[in-house]
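Okay, thanks for coming, everyone. I'd like to walk you through a structure that is probably new to most of you, so have a look at it first and then we'll go through it together.

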Amino acid sequence: MRDRLTILALLLPALLVMFVSGVIPASFVAFYSLHDTFAGNSFVWVGPQWYLSVLSSSEFWWALARSFGFSALVLLIEVPLGIFIALRMPASGPWATVLIVLLAIPLLAPQIVVGYLFKVMTSPGIGLLHALFDGVGLGYDMNNPVVVWASLLLMDAWHWTSLVVLLCYAGLRAIPQAYYQAARIDGAGPWAIFRHIQLPRLRLVLLIAILLRLMDSFMIYAEAYVVTRGGPGVSTTFLSHELIQTATIQFDLGEGGAMSILYLLIIAVISWAFFTLIVPRRDQAA
């Protein structure tokens, strides 16, 4: 009983912070999503009207599709690349320490800084990417949606692939050497070792890495907005941009609140799905 009270006492500050910073603002958003507002201080109950309006909006579904598409491409690039780099890193020694420090540097950069960094790199005349492509006789047109998407994917890969690398590297270091010794005795090659030893032992780590990257890429806003402003056209207007546009620029608090709740529900469902995959494996490992 005393141990439970101690645990509760230690968790109480974190729970209080979560309540103040999460539950209370979400309650206001839910309130806005069920009301229409006049002059920002007069509210009229409208029920699910704003939810029906959002769900019937083609802009919402297109923005949602672009967000899922961006997240899918991010995972297809960063997860295999992160595994590949982690496998090539030295297991120990000074070079391992140097590489870990270098890989951690992009993770420390604020999102807005990364956005402005790539904004400069993609700027005509002064941008490094423009200079590189011009040097080989190719144009770098930021009015081309394919080029813009490639730029955003490059930016996200530079910023966050290190997270996958470090998680996979830690998972690889946790594999007992006895597994490798037994595999070598059986004559297993590098591919067989990866397939039957390393990859199964990395499944839990990869699930966590995929969940983190999926959630973060799905909620991308600052970097993409700085680089593209949602353009060209609406080709990079993700769901987060659509939400900010509705709630703060158009000042449609009801529609913005409904979109926020739907956004939250989508993220909660995805998180729950990954949680159901992670927990059984953790219990089996225990």
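Let's start at the far end of the numbering, with residues 282–286. Over that stretch the pLDDT stays under 50, and the model has zero contacts there beyond four places in sequence. And yes, I do say model: what you're looking at is predicted.

How does the rest do on confidence? The mean pLDDT of the protein is 87, with 96% of its residues at 70 or more. If you go element by element, helix α3 comes out highest, at 94, while helix α6, residues 128–135, is lowest with a mean of 79.

Now the overall picture. We have 13 helices and two strands. The C-alpha trace spans about 75 × 70 × 30 Å along its principal axes. Of the 286 residues, 39% are buried. The accessible surface comes to about 16700 Å², and carbon and sulfur atoms account for 71% of that. As for contacts, take those with a separation of 6 or more: 69% of them are between residues 24 or more positions apart.

Okay, on to charges. How many salt bridges does a search of the whole structure find? Three. Side chains of opposite charge can pair when their charged atoms come close. Please find Arg 213 on your screens, because I'll stay with that residue for a while: Arg 213 is buried, with a relative accessible area of just 1%.

Its partner number one is Glu 78, in a salt bridge at 2.8 Å, N to O. That pair links distant parts of the chain, with Glu 78 in helix α3 and Arg 213 in helix α10, residues 203–218, and their positions 135 residues apart. Glu 78 is buried too, along with Arg 213.

Then there's Asp 156, which meets Arg 213 in a salt bridge at 2.4 Å, N to O. Asp 156 sits in helix α7 and Arg 213 in α10, so this pair ties together parts that are 57 residues apart in sequence. Again, both residues are buried.

The remaining partner is Asp 216, at 3.1 Å, N to O, from Arg 213. This one is a local affair: both residues lie in helix α10, three residues apart, or about one turn of the helix. Is Asp 216 buried or partly exposed? Its relative accessible area is 22%, and buried means under 20%, so Asp 216 counts as partly exposed. Put the whole thing together and you get a network of salt bridges linking Glu 78, Asp 156, Arg 213 and Asp 216.

Next up, rings. The whole structure has 13 aromatic pairs. I'll show you two of them. Phe 31 and Phe 43 are edge-to-face, 5.2 Å centre to centre, with 65 degrees between the planes. Phe 31 comes from helix α1, residues 2–33, and Phe 43 from strand β2, residues 42–45, so to speak a helix-and-strand pairing, twelve residues apart. Phe 31 is partly exposed, at 34% relative accessibility, and Phe 43 is partly exposed as well, at 30%.

Now the other pair, Phe 70 and Trp 149: edge-to-face, 6.1 Å centre to centre, 65 degrees between the planes. Phe 70 is in helix α3, residues 58–88, and Trp 149 is in helix α7, residues 145–173, so the pair ties together parts 79 residues apart in sequence. Both Phe 70 and Trp 149 are buried.

Two more ring items. Phe 31 and Phe 43 also belong to an aromatic cluster, together with Tyr 32. And over at Tyr 169, Arg 173 lies over the face of the ring, 4.7 Å from its centre.

Last topic: backbone oddities. Most residues other than glycine have a negative phi, and most peptide bonds are trans. So which peptide bond is cis here? The one from Gly 231 to Pro 232, with omega near 0 degrees. Pro 232 is in the loop between α11, 222–228, and α12, 239–249. That loop also holds Arg 229, which has a positive phi of about 55 degrees although it's not a glycine. Finally, Phe 251 has a positive phi of about 60 degrees, also without being a glycine, and you'll find Phe 251 in the loop between α12 and α13, 253–285.

That's my tour, thanks for listening.

Terms used: Residues numbered from 1 in each chain as written. Predicted model: local features only at pLDDT ≥ 70, side-chain atom pairs only at ≥ 80, totals over all residues. Heavy atoms only, no water. Phe/Tyr/Trp six-rings, centres within 6.5 Å; stacked < 30°, edge-to-face > 60°. Helix = DSSP H or I, 4+ residues; strand = E, 2+ residues; numbered from the N terminus. Buried < 20%, exposed > 50% of the residue type's maximum accessible area, 1.4 Å probe, protein only. Lys NZ or Arg CZ within 6 Å of the ring centre and 35° of its normal. pLDDT = per-residue confidence, 0-100. Contact = heavy atoms within 4.5 Å. Areas by Shrake-Rupley, 256 points an atom, 1.4 Å probe, with all protein chains shown as cover. Salt bridge = Lys/Arg side-chain N within 4 Å of Asp/Glu carboxyl O.
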